[in-house]
Amino acid sequence: MTVLVAGATGTVGGEVVRRLAALGADVRAGARDPGRAAAGLPPGVPPVRLDLEDPASWPVALEGVDALFLLRPPEVARASRLQPFLDAVVAAGVRRVVVLSVQAAGRNPLLPHRALEERVEATGLAWTHLRPANFFQNLLTVHREEIRDRSRISVPAGNGRTAHVDVRDLAEVAAAALTGPGHEGRAYELTAREAPTFAEIAATLSAVLGRPVVYPRPGIVAFAREKRAQGVAPGLVLVMTLLFTTTRLGLAGRTTGDLARLLGREPTTLRRFVEDHADAWRTPEGAGA
Ligand SMILES: NC(=O)c1ccc[n+]([C@@H]2O[C@H](COP(=O)([O-])OP(=O)(O)OC[C@H]3O[C@@H](n4cnc5c(N)ncnc54)[C@H](OP(=O)(O)O)[C@@H]3O)[C@@H](O)[C@H]2O)c1
């Protein structure tokens, strides 16, 4: 069985590739620039050019593929732009699609992730929707420099709780759904057991790193001003403030037992995640301490 992973250079796609390779699966890593992607791949995993919006890249990437891991790239705002690719997936004889969606997709029909889910369901292929909470890995990407260099994590989340998931756990479920039976027609809401506040996240970082990491609790307006001053695009600032408004309103903290059930063990905790990656927030000089 051959599995094609779209977005293989990304946070989730990269982890799904690693997991599939560790299981000995026949995996192909889809990337817009396969030359650049090759260095980060596990030994024996071939990169293949795959741009979900470039039909020229599809025949080679899809040839002989049985199962597809599909995401809505952050740059693709409208799911309709992925319909031609889905048509090619069907024509190529792919049998199974695992969709990287988002936790709220089951309750918010306006999300582009839900629109993509609906389009995949309409293909008639066997589908599985993965609806993950906020990634713990955001602490390693969007928040990394601020934590490492300034010992702070500044988001306008108030005292709201945010459900999280470790992408390594998410990839374990994705690999199972791509290669094994029993997941067809299922949508999984994937969260760790705990939904920490950002004050709790800062406290955990402080305890593990051995230096204070503060959560200054900015308001929405102060946060938006700060991001604009840092040169973040207005559209992205708007999306971030909307997201954190739902957190402030207490709408982002829902946890489920899906992940523990699928893994057959407890999901990774915040504390464990921070311990596993502590070096990422340390500097040689102990900056910010
Ligand atoms: N961050 C969170 O907390 C969170 C939580 C739940 C759900 N999600 C969802 O997860 C998805 C993002 O996953 P991620 O964090 O793994 O993304 P990511 O790290 O930002 O990587 C995006 C990937 O998409 C690829 N890509 C971009 N445009 C493409 C195109 N036209 N064709 C093919 N590939 C393309 C990029 O590949 P190149 O190398 O070609 O650039 C890259 O591999 C989004 O749908 C997001 O809403 C995120």
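Visitor: Where does T268 sit relative to the helices around it?
Guide: T268 is placed in the loop between α11 (258-263) and α12 (270-276), where helices (H or I, at least four residues) and strands (E, at least two) are DSSP runs numbered from the N terminus. This is a predicted model, in which local features need pLDDT of at least 70 and side-chain atom pairs count only at pLDDT 80 or more, while totals for chains, interfaces and linings use all residues. Residues are numbered from 1 along each chain as its sequence is written, and side-chain values use heavy atoms, with hydrogens and water left out.

Visitor: Why is T268 called buried?
Guide: The word buried stands for under 20% relative accessible area, exposed for over 50%, and partly exposed for what lies in between, with a 1.4 Å probe and protein chains only. T268 has a relative accessible area of 13%, and is therefore called buried.

Visitor: Which residues does T268 touch, leaving aside those up to four places away in sequence?
Guide: With contact taken as heavy atoms within 4.5 Å, T268 touches F136, D166, R168, D169, A192, E194 and F273.

Visitor: What makes D166 and R168 a salt bridge?
Guide: A salt bridge is a side-chain nitrogen of Lys or Arg within 4 Å of a carboxyl oxygen of Asp or Glu. The closest N and O atoms of D166 and R168 are 2.7 Å apart, so the pair meets that limit. D166, at 1% relative accessibility, counts as buried, whereas R168, with a relative accessible area of 26%, is partly exposed.

Visitor: How do you know that the salt bridge of R265 and D169 links distant parts of the chain?
Guide: The side chains of R265 and D169 meet at 2.9 Å, N to O. R265 lies in the loop between α11 and α12, D169 lies in helix α7 (residues 167-179), and the two are 96 residues apart. R265 is partly exposed, with a relative accessible area of 33%, while D169 is buried, with a value of 2%.

Visitor: How many salt bridges does the structure hold, and which residues are linked in a network?
Guide: The structure holds 27 salt bridges, and R114, E117, E118, E121 and R131 are linked in a network of them. Another pair is D149 with R148, whose closest N and O atoms are 2.8 Å apart; D149 is partly exposed at 35% relative accessible area, and R148 is partly exposed at 21%.

Visitor: What makes the phi of S151 worth pointing out?
Guide: Most residues other than glycine have a negative phi. The phi of S151 is near 50 degrees, a positive value in a residue other than glycine. S151 is found in the loop between α6 (144-150) and β8 (164-165), and at 3% relative accessibility S151 counts as buried. R217 also has a phi near 50 degrees, again positive in a residue other than glycine; R217 is placed in the loop between α8 (198-209) and α9 (220-229) and, at 46% relative accessibility, counts as partly exposed.

Visitor: Why are L243 and P234 called exposed?
Guide: L243 has a relative accessible area of 52%, and is therefore called exposed. P234, at 53% relative accessibility, counts as exposed too. L243 is found in helix α10 (residues 234-248), and P234 lies in helix α10 as well.

Visitor: Which residues of the chain are near the ligand?
Guide: A residue is near a molecule or strand if one of its heavy atoms lies within 4 Å of it. Of the 24 residues around the ligand, T9, V12, R32, R72 and H113 come nearest.

Visitor: What makes the approach of T11 to the ligand a polar contact?
Guide: A polar contact is a pair of N or O atoms within 3.5 Å; within protein, one must be able to donate a hydrogen and the other to accept it, and residues adjacent in sequence count only if both atoms are side-chain atoms. A backbone N or O atom of T11 lies 2.9 Å from an oxygen atom of the ligand, so the pair falls within the limit. A polar backbone atom of V12 is 2.8 Å from a ligand oxygen, and a polar side-chain atom of N134 lies 3.3 Å from an oxygen atom of the ligand.
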